[in-house]
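Subject: Structure for your review

Dear colleague,

Please find the structure below, together with its sequence. My notes on what was found in it follow.

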Amino acid sequence: MLDLFKKFQHGLARTKSGLVEGVQRIINQARGIDEEVLEELEELLILSDLGVATTETVIENLRQRSRESGRIEPGEVLELLKQELIAQLGPGGQAAAGPEEPVHQPTVISVVGVNGAGKTTTIGKLAHLHASRGRKVLLAAADTFRAAAAEQLEIWKDRAGVEIIPSQSGADPASVAFDSLKAAMARHVDYLFIDTAGRLHTKENLMAELEKIHKVLARQCPGAPHEVLLVIDATTGQNGLSQARRFAEAVKVTGLVVTKLDGTAKGGIVFSIARELGIPVRYVGLGEKIDDLQRFDPQTFVEALFA
Amino acid sequence: MFQELTDKLEAVLHKLRGHGTLNEKNIAESMREVRRVLLEADVNYKVAKQFIADVEQRALGQEVLRSVTPGQMVVKIIHDEMTRLLGEKEAPLVFGRSLPSVILLAGLQGSGKTTFAGKLARHLRKKGRTPLLVAADIYRPAAVEQLKVLGRSLDIQVYSEENRDAAAIAAHALDHARKNLLDTAIIDTAGRLHIDEEMMAEVARIKEATSPAEILFVADSMTGQDAVTTARAFLERLDFSGVVLTKMDGDARGGAALSIRAVTGKPIKFVSSGEKLDQLEPFHPDRLASRILGMGDVLSLVEKAQEAVDLEKAVKLEKKLRRAEFNLEDFLDQLQQLKRMGPLQDILTMIPGAQAKAFKGMQVDDKALIRVEAIIRSMTVKERNNPNILDGSRRKRIARGSGTSVQEVNRVLNQYNMIVKMMKTMKHGGRGMRLPTGF
């Protein structure tokens with residue numbers, strides 16, 4: 001039995017960065033693109049969680065281009081691949097600007113996702129971002145389910161120096177959202193962030209609850225929520241696509257936030273999400289500190305796959 | 001999905017019929033399909049590669065059993081091999097000799113450590129132990145509060161203190177446990193990235209200060225390719241003794257578990273699904289193998305049905321069905337058996353092919369069952385045995401009694417009538433068809 005695991009451990013000894021170097025070496029040897037190179041690139045993309053379908057598309061496009069242009073210099077291969085990858089992010093990839101300026105008063109932003117993705121932390125950072133630009137921000141503690149979720153948001157509120165509509169544990173999240181929006185309108189705030197409870201996309205009743213929250217918001221303020229951010233953990237594998245699909249079916253997801261990109265995971269599933277569902281990435285989360293949030297930049301994101 | 005894999009393999013192996021053995025060529029072709037399935041289930045690229053190489057070896061030269069088709073044979077070999085790799089025997093929790101016995105939880109942010117800590121505490125108390133929850137996550141806002149709330153709801157003690165040194169908190173917690181005669185300390189640590197040197201050093205210090213009997217690496221079942229990197233880093237630093245898979249109630253296929261198991265060799269000790277504190281199961285390698293291969297969790301489903309269904313009653317019911325004497329009393333009985341199998345949502349995820357889309361839009365509402373039950377319970381015995389006497393005024397009374405509406409009562413009766421009609425046709429058709437138990 002031990003031997004069984006030894007074999008696996010040995011096979012995995014090569015680190016990811018070693019992999020990129022290896023790819024470049026093979027490219028140099030091949031003086032361009034050949035099947036061995038493509039196979040190495042495929043491994044690299046799969047290991048970044050792009051998934052089989054997206055990886056195959058990218059590799060096929062690359063093969064096509066090399067066939068058409070006859071010869072590709074070793075130095076150009078990775079550059080071409082990066083272009084292909086950026087193209088997969090779709091128009092959303094290029095124009096991934098969230099409402100940096102309030103589109104409405106209040107601009108209502110609902111933040112949704114599975115458990116543990118980083119919704120509350122993201123809201124803390126976004127609140128800070130807007131507050132530091134002199135915007136008036138209000139937070140709604142609509143996660144009334146998880147133990148101490150409201151307390152967690154409360155702490156972020158203090159850190160960001162914004163206001164909050166607190167809630168009772170076990171309260172109806174839709175009514176918390178309703179009260180918060182009413183307060184946001186009365187207080188003339190610029191941004192209202194709705195912190196929803198984490199929910200697995202496969203739970204019909206919880207997804208229905210989310211729909212209800214959004215319906216209540218829209219009834220009170222047509223157009224609200226103006227932005228719905230789906231938070232995806234960068235370590236998520238192929239299930240991320242299923243998450244995005246189900247959340248987008250339930251509510252109108254307008255953008256993604258990819259969190260925990262400060263680890264070694266690359267968040268490659270967002271290529272598939274952008275490709276299949278056309279949802280652009282808005283922000284990336286890079287740590288637990290309040291300013292560890294950046295606007296999404298396709299170029300940087302793709303470069304990081306090869307870092 | 002299982003069907004899909006089998007079908008694909010059948011197509012590839014079609015030529016094999018009449019040959020009777022698996023050979024290099026037909027195996028290699030089918031392995032491409034298997035590889036795809038594995039990668040889509042988030043099994044690490046290299047782990048998948050190695051796994052397939054092993055399976056290929058094993059499958060070569062195997063005679064295709066007469067009773068099965070080559071495709072099924074290959075799937076069986078893969079399933080067996082994967083089950084073997086996932087863990088051949090159950091790995092129960094180990095407890096230390098000195099008191100308290102320490103269980104240290106570690107993992108990435110958001111993997112579900114705190115919720116699992118609560119579940120584990122409840123589980124251990126049920127086994128007769130006296131657990132103490134230790135709040136050693138001093139970083140994430142309100143993490144301590146979260147554990148305290150869980151502890152309160154379970155009526156289990158939580159140790160916490162104002163201290164910026166997590167290792168010291170943990171050590172003090174052990175003193176507290178000894179003084180209060182609590183025999184197990186579950187230490188909930190902060191989520192940390194495996195590349196965060198400072199944080200990894202901290203958890204190593206906690207380990208040193210508490211000499212745990214068990215160190216459990218808590219991993220999200222939705223994790224992708226990076227699972228191997230994190231698992232290895234945590235193993236190097238902590239030499240953990242077991243793995244916990246969380247959020248298994250989603251539709252992730254859980255290939256990360258195979259990756260983690262393959263690179264660390266450590267057993268998977270628990271599978272955690274759902275946010276309710278009683279949703280914790282021991283690990284069944286064969287079931288996870290089925291899930292990774294997209295075969296659905298048929299075994300769990302069968303087992304749940306066996307647990308819930310009263311055999312004697314089932315036999316009686318079958319007789320009644322044959323005579324088409326099914327009344328509302330029996331209907332109620334069936335509903336209760338169905339309810340005993342657990343939340344419908346959980347049952348659905350176990351059905352092969354029910355992953356992802358198949359049940360989209362289907363109403364999975366456990367409360368509907370409760371309402372139906374209430375309606376039937378609001379009837380007199382006479383009414384239940386003889387639903388034909390239910391006139392308008394009786395229905396009105398039943399609706400009031402069950403807190404529902406006449407429309408709902410009508411709906412239940414319509415459903416009942418449909419079943420009766422179905423049974424009549426079955427009876428006349430004369431075929432010895434068995435209704436699936438539970439319905």
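**A glutamine between the chains**

A:Q238 touches A:D49, A:L50, A:G51 and A:I269 as well as B:L39, B:E40 and B:D42, not counting residues up to four places away in sequence. Please bear in mind throughout that this is a predicted model. A:Q238 is found in the loop between β5 (227-233) and α11 (239-250) of chain A. With a relative accessible area of 17%, A:Q238 is buried, because the cut-off for that class is under 20%.

**Helix packing between chains A and B**

Two of the residues touched by A:Q238, B:L39 and B:E40, also take part in a contact between helices. Helix α4 (residues 52-69) of chain A packs against helix α2 (residues 24-40) of chain B at an angle of about 115°, and the axes are 9 Å apart. On the chain A side the contact is made by A:V52, A:A53 and A:E56, and on the chain B side by B:R36, B:L39 and B:E40. By class, the residues of this contact divide into three nonpolar, three charged and no polar.

Helix α2 of chain B also holds B:N26. B:N26 counts as buried, at 10% relative accessibility. B:N26 and B:L60 are 34 residues apart along the chain, and their C-alpha atoms are separated by 9.7 Å.

**Nonpolar cores**

In soluble globular proteins, nonpolar side chains tend to be buried together. The largest nonpolar core here has 155 residues, and A:L85 and B:L38 are those with the most contacts inside it. Leaving aside neighbours within four places in sequence, A:L85 is in contact with A:L45, A:L50, A:V58, A:F271, A:V302, A:L305 and A:F306. Another core, of 22 residues, lies apart from the largest one; B:L93, B:F116, B:I186 and B:L277 are among its members.

**The sheet of chain A**

Chain A has an open sheet of eight strands in the order β3-β2-β4-β1-β5-β6-β7-β8, with mixed pairing. At its edges stand β3 (163-165) and β8 (293-295), each with a single partner strand, so one side of each is left without a neighbour in the sheet. The twist from one strand to the next averages 25°. Strand β7 (residues 281-285) of chain A and β8(A) run antiparallel and are joined by three bridges. Within β8(A), A:R295 stands opposite A:Y283.

Two helices of chain A deserve mention here. Helix α7 (residues 119-131) lies across β1 (107-112), β2 (137-142), β4 (191-196), β5, β6 (255-259), β7 and β8 of chain A, and runs at about 170° to β4(A). Helix α10 (residues 204-220) lies across β1, β4 and β5 of chain A, at about 180° to β1(A).

**Chain B and its sheet**

Chain B contains 19 helices and eight strands. Of its 439 residues, 53% are buried. Its accessible surface comes to about 20,400 Å², of which carbon and sulfur atoms account for 51%. Among contacts in chain B between residues at least 6 apart in sequence, 75% join residues at least 24 apart.

The eight strands of chain B form an open sheet with mixed pairing, in the order β3-β2-β4-β1-β5-β6-β7-β8. Here β3 (158-159) and β8 (280-282) are the edge strands; each has a single partner strand, so one side of each is left without a neighbour in the sheet.

Strand β4(B) pairs in the parallel sense with strand β1 (residues 101-107) of chain B over five bridges. Six bridges join β4(B) to β2(B), and these two also run parallel. B:D188 of β4(B) stands opposite B:L105 and opposite B:A135. Six of the six residues of β4(B) are buried. B:T184, B:I186 and B:D188 cover one side, with B:A185, B:I187 and B:T189 on the other, and both faces are covered. Put precisely, those residues lie on the two sides of β4(B) and are all buried. Helix α6 (residues 143-154) of chain B lies across β2 (131-136), β3 and β4 (184-189) of chain B, running at about 165° to β2(B).

Further along the sheet, strands β6 (residues 242-246) and β7 (residues 268-272) of chain B pair in the parallel sense over three bridges. The bridge partner of B:L245 in β7(B) is B:V271.

**A buried phenylalanine in chain B**

B:F331 lies in helix α14 (residues 328-340) of chain B and counts as buried, at 9% relative accessibility. Not counting residues up to four places away in sequence, B:F331 touches B:F326, B:V372, B:I376, B:V412, B:Y416 and B:I419.

With kind regards

Note on methods
Residues are numbered from 1 along each chain as its sequence is written. Chains are lettered from A and ligands numbered from 1 in the order in which they are written. This is a predicted model: local features need pLDDT of at least 70, side-chain atom pairs count only at pLDDT 80 or more; totals for chains, interfaces and linings use all residues. Side-chain values use heavy atoms; hydrogens and water are left out. Axes are lines fitted to C-alpha atoms, for helices over the stretch in contact, and angles run from 0 to 180 degrees between N-to-C directions. Helices (H or I, at least four residues) and strands (E, at least two) are DSSP runs, numbered from the N terminus. Contact means heavy atoms within 4.5 Å. Ala, Val, Leu, Ile, Met, Phe, Trp, Tyr, Cys and Pro count as nonpolar, Asp, Glu, Lys and Arg as charged, and the others, Gly among them, as polar. Buried means under 20% relative accessible area, exposed over 50%, partly exposed in between (1.4 Å probe, protein chains only). Accessible areas come from the Shrake-Rupley method with a 1.4 Å probe; for residues, only the protein chains shown count as cover. Two strands pair if DSSP finds at least two bridges between them. A nonpolar core is a set of buried Ala, Val, Leu, Ile, Met, Phe, Trp, Tyr and Cys residues joined through side-chain atoms within 4.5 Å.
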